[in-house]
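Open the model in your viewer and keep the sequence panel in sight. The tour moves from the whole chain to single side chains.

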Amino acid sequence: MKKMYKNYMILQKAGILFLILFGAAKGLQAQVHDYTFSQSTGTFNSIAASGDLAYDGTSPSINDSLWVNVAIPFTFKFSGVDYTSAFVNFNGGVTFGEPDYGTSLISRSTPYNGGAIAVMNKDLWRVFYTTGDLTAGSNVITNVASFKGIEIGKKLNTTTGIYGGQKVTAFDEAAGTITMSSPTSINLTGARIEYYTGKVFTSTEGTAPNRVFVIEWIGYNDYFAPFPGNNYLNFQLRLAETSNTVSIVYGPYYQLSTEARTSQVGLRGAESNDFNNRYGDDWNNTSAGTTNTAAVFRDNVIFPESGLTFTWTPPVPVLSTVETAGTKGGVRTYPNPFTDILNISNVHEIRSVSVTDAAGRLVKTIDAPSSTLHLEELKPGLYVVVLNMKDGSKQSIKAIKK
């Protein structure tokens, strides 16, 4: 009998080890085509006023062959690999593992060292242009059509009647005027007025282990959009800690050009056949792309409404036996996965419980919890149950609702 029990224990331990290794292997094999897509509409909250300026848009080059490496303040897992930094390109995308300023990140034919996220990926540039009237001997431009991204001190690009080095010293939207640092020498109606507007900001929202790293592009324009029609684009990428979800949020959209154009939107893994992208001509009703070249159409009428959010959620990892038990610091949560009720042991040590979803959003808070948590209203999926202990510490446990 003792021998049989010993053999049983050996097999049980081997089974536990197998489950743990199997779960780890599944994580390593994760591919972006396994991510689940969802969409919602909320509020676009720009970080331009409070975020860190990663790029100020005043490079001498007005084209897009640039990128900036930004640090992610936590470990973010993308396609099964951990990253603490990302390369932001100026064509509306991000890459992991290596920089790429391409205009078609998802359909790149060569493999990536990591992968890519296309937010509004196409040939963009960081210049906004409008029109106005020039009068010889005057430094005031009149009848200015638009003031998107205008700032005092901003340098005007060299165009007919506007010479290198002239800067904006004042502007008045109500009067339709821009005052330059020096006068023009010609009379010209409908002169082309250009200045840099494209900027990139970053910010971190929330607290560990549910922080969200935000990258925002603001003031970008389609490259060589037909004059005088052009765009002023604003959009964000949001990377969630712990859940590792990827979210794209579109902001206010300004477009004069009637020209049709398409943008790649979605995820790309290391290989060209690993993608998870969107396709269509209705931003509120896109379809999953069937090829890595699929794109979403837009013009001056068809475009994403402010607050439209696309989210990709990685597959729920296979729980190891330790995670199934849900034990942290002497406190045990069970069963895991659960249906509607999650039980907690040693509840006398817990001050409150916070539950966040896979996108890092707080979905439920329970003060002075009992040993039985009623979570019937939660949708099936992966959640992080944060136990706020009476001694001031926090314990986080992954739990799956069936």
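Begin with the whole protein: 48% of its 402 residues count as buried. This is a predicted model. Colour by secondary structure, and two helices and 30 strands appear. Now turn on contacts. Among those between residues at least 6 apart in sequence, 62% join residues at least 24 apart. Show the surface next. Its accessible area comes to about 18,100 Å², with 55% belonging to carbon and sulfur atoms.

**Stop 1: strand β26**

Select residues 350–356, which make up strand β26. Six of the seven residues are buried, so the strand is largely enclosed by the rest of the structure. Add residues 381–389, strand β29: six bridges join this strand to β26, and the two run antiparallel. Then add residues 362–367, strand β27. This strand also pairs with β26 in the antiparallel sense, over five bridges. Which residues should you pick out around Val353 in β29 and β27? In β29, the bridge partner of Val353 is Leu387. In β27, Ile366 stands opposite Val353.

**Stop 2: aromatic rings**

Show the aromatic side chains; the structure holds 21 aromatic pairs. Zoom to Tyr83 and Phe96. Their ring centres are 4.9 Å apart and their planes meet at 35°, a tilted pair. Tyr83 sits in strand β4 (residues 81–89) and Phe96 in strand β5 (residues 93–96), 13 residues apart. Tyr83 is buried at 11% relative accessible area, and Phe96 is buried at 0%. Next select Tyr253 and Phe303. Here the centres lie 4.7 Å apart with the planes at 10°, so this pair is stacked. Tyr253 is in the loop between β16 and β17, and Phe303 is in the loop between β21 and β22, so the pair ties together parts 50 residues apart in sequence. Buried or partly exposed: which applies to Tyr253, and which to Phe303? Tyr253 is buried, at 16%. Phe303 is partly exposed, at 31%.

Go back to Tyr83 and Phe96 and add Tyr35, Phe76 and Phe78: these five form one aromatic cluster.

**Stop 3: charges over rings**

Select Tyr129 and Arg192. The charged end of Arg192 sits over the tyrosine ring, 4.1 Å from its centre. Then select Tyr334 and Arg332. The charged end of Arg332 sits over that ring, 4.6 Å from the centre.

**Stop 4: salt bridges**

Show Lys, Arg, Asp and Glu side chains; the structure holds 14 salt bridges. Select Glu205 and Arg238, a salt bridge at 2.5 Å, N to O. Glu205 is in strand β13 (residues 199–205) and Arg238 in strand β15 (residues 231–240), so the pair ties together parts 33 residues apart in sequence. Glu205 is partly exposed, at 28% relative accessibility.

Move to Asp222 and Lys122, whose closest N and O atoms are 3.2 Å apart in a salt bridge. Asp222 lies in strand β14 (residues 212–222) and Lys122 in the loop between β6 and β7, 100 residues apart. Asp222 is buried, at 1% relative accessibility. Lys122 is buried too, at 14%.

Keep Asp222 selected and add Arg261. These two form a salt bridge with closest N and O atoms 2.1 Å apart. Arg261 belongs to strand β18 (residues 261–268), 39 residues from Asp222. Both Arg261 and Asp222 are buried. Finish by adding Glu259 and Arg298: with Lys122, Asp222 and Arg261 they are joined into one network by salt bridges that share partners.

How values were computed. Residues numbered from 1 in each chain as written. Predicted model: local features only at pLDDT ≥ 70, side-chain atom pairs only at ≥ 80, totals over all residues. Heavy atoms only, no water. Helix = DSSP H or I, 4+ residues; strand = E, 2+ residues; numbered from the N terminus. Buried < 20%, exposed > 50% of the residue type's maximum accessible area, 1.4 Å probe, protein only. Contact = heavy atoms within 4.5 Å. Areas by Shrake-Rupley, 256 points an atom, 1.4 Å probe, with all protein chains shown as cover. Phe/Tyr/Trp six-rings, centres within 6.5 Å; stacked < 30°, edge-to-face > 60°. Lys NZ or Arg CZ within 6 Å of the ring centre and 35° of its normal. Pairing = 2+ DSSP bridges. Salt bridge = Lys/Arg side-chain N within 4 Å of Asp/Glu carboxyl O.
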